[in-house]
Amino acid sequence: MKNVLVGLLLAVAATGCHKNGMDGPTRPAQKGVIVNTIAGDGSDGFADGPLKLAKFHAPIDVAVAPDGTVYVADYFSHRIRKIANGLVSTLAGSDSSGIVDGNGGLARFKNPYRVAVDPNGNCYVLDEVDARIRKITPAGEVTTYAGMAQPGFKDGPAASAQFLINAGGLAADKAGNVYLGDTFNERIRAVSPSGQVTTIAGDGKEGFINGGARTAEFRYVTSVACDAHGNLYVADAGNFYVRQITPIGLVAVMAGSGVRGYVDGASIMVQFDQMDDMVVDSKGNVFVIDDNSIRKVTPQGVVSTIAGAEAGFADGDGATARFRNPGGLGIDAQDNIYVADINNNRIRKISFR
């Protein structure tokens, strides 16, 4: 299963195909949800400038800073882009592919695909082909924040810690802790502001076990998110669950039946298909990408589709809006959700009225 899922993203981004090779069924979406495009003209390429004239090349993830600045991991452009004051600009990276620290255009990324922002506006980046977490200051200075070039598993000081390549999730909390879904180590890891890497949950074995964090088991984590109360949320894609890790270290199912499919409703009835990135709003609702739809999980575990259905492109209300391989979500202080719409080469915004 792992090999299939690892290759899936690159194949989809390169071919422009639907994630599972076919269009999904029509799905009801909530009323009062509006989707609009905030940046990108829809064509593959690279161009900074006014929002609707800008070009992206497989924008795969998005994060929102406290001041409202939107950061985009532009996968095939090898750049981290910035959306602010009506313009798209480049924060760091260039046409040259590589793994190099430095300032702005002197820095190098290969395929940046996960991005998170801390309360000070620092941006953290995972590159799909590198086992390190990189940090970008608001001024564009890129450094290695945690991890070594050599993949593996090791907790301890950030400079000597090890992660595996293809980590599947990145988030930062209000205290400045950075959380990583270390997918193939089957663990959830954290980097403290003081530079210590610890394992939050997972025993390193692929499986499904709830309970104590250190004995819990996961199967192909694709995303992590955190709320204001210290809870962590995990998209356990291989087990088809959204799971929660409490501040005292208990792992439980928030939603899902463990059966692959697409069913909204109460937690024990719910089915997930192809979960990807997720975010949490101020009320504790979790929003998760599932195939070409965005789904909402309430704190009580009730799941509904808020926007999207079969693959396509359309702005409008949640029922008529369409995405084509959405890859990442961000959320702002007003609980508006931002979507990196990979194969539409656009950044979309979901607002609620």
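A nonpolar core is a set of buried Ala, Val, Leu, Ile, Met, Phe, Trp, Tyr and Cys residues joined through side-chain atoms within 4.5 Å. In this predicted model, the largest such core has 36 residues, and those with the most contacts inside it are Ile80, Ile133, Ile136, Ala146, Leu170 and Val191. A second core, separate from that one, has 18 residues, among them Val242, Met254, Val297 and Val303.

The surroundings of Ile133 can be followed residue by residue: leaving aside residues up to four places away in sequence, Ile133 touches Tyr124, Val125, Leu126, Thr143, Thr144, Tyr145, Ala146, Phe163, Leu170, Leu180 and Val191.

Strand S5, residues 79–84, contains Ile83, which has a relative accessible area of 8% and counts as buried because that value is under the 20% cut-off. With residues up to four places away in sequence again left out, the contacts of Ile83 are Ile38, Ala39, Leu51, Phe56, Thr69, Val70, Val72, Val88 and Ile347. Ser223, by comparison, lies 140 residues from Ile83 along the chain, and the C-alpha atoms of the two are separated by 23 Å.

Turning to charged side chains, the structure holds 19 salt bridges, including the three listed here.

| Salt bridge | N to O distance |
|---|---|
| Arg81 and Asp74 | 2.7 Å |
| Asp95 and Arg79 | 3.0 Å |
| Asp264 and Arg295 | 2.7 Å |

Both partners in the bridge between Arg81 and Asp74 are buried, and these two residues belong, together with Asp48, to a network of salt bridges.

The salt bridge between Asp95 and Arg79 joins a loop to a strand: Asp95 lies between strand S6 (87–93) and strand S7 (102–103), whereas Arg79 is in strand S5, so the pair ties together parts that are 16 residues apart in sequence. The partners differ in accessibility, since Asp95, at 59%, is exposed, while Arg79, at 7%, is buried.

The side chains of Asp264 and Arg295 also meet in a salt bridge, and this pair links distant parts of the chain, 31 residues apart, with Asp264 in the loop between strand S21 (250–255) and strand S22 (275–280) and Arg295 in strand S24 (residues 293–297). Asp264 has a relative accessible area of 24% and is therefore partly exposed, whereas Arg295, with a relative accessible area of 0%, is buried.

Notes: Residues are numbered from 1 along each chain as its sequence is written. This is a predicted model: local features need pLDDT of at least 70, side-chain atom pairs count only at pLDDT 80 or more; totals for chains, interfaces and linings use all residues. Side-chain values use heavy atoms; hydrogens and water are left out. Helices (H or I, at least four residues) and strands (E, at least two) are DSSP runs, numbered from the N terminus. Buried means under 20% relative accessible area, exposed over 50%, partly exposed in between (1.4 Å probe, protein chains only). Contact means heavy atoms within 4.5 Å. A salt bridge is a side-chain nitrogen of Lys or Arg within 4 Å of a carboxyl oxygen of Asp or Glu.
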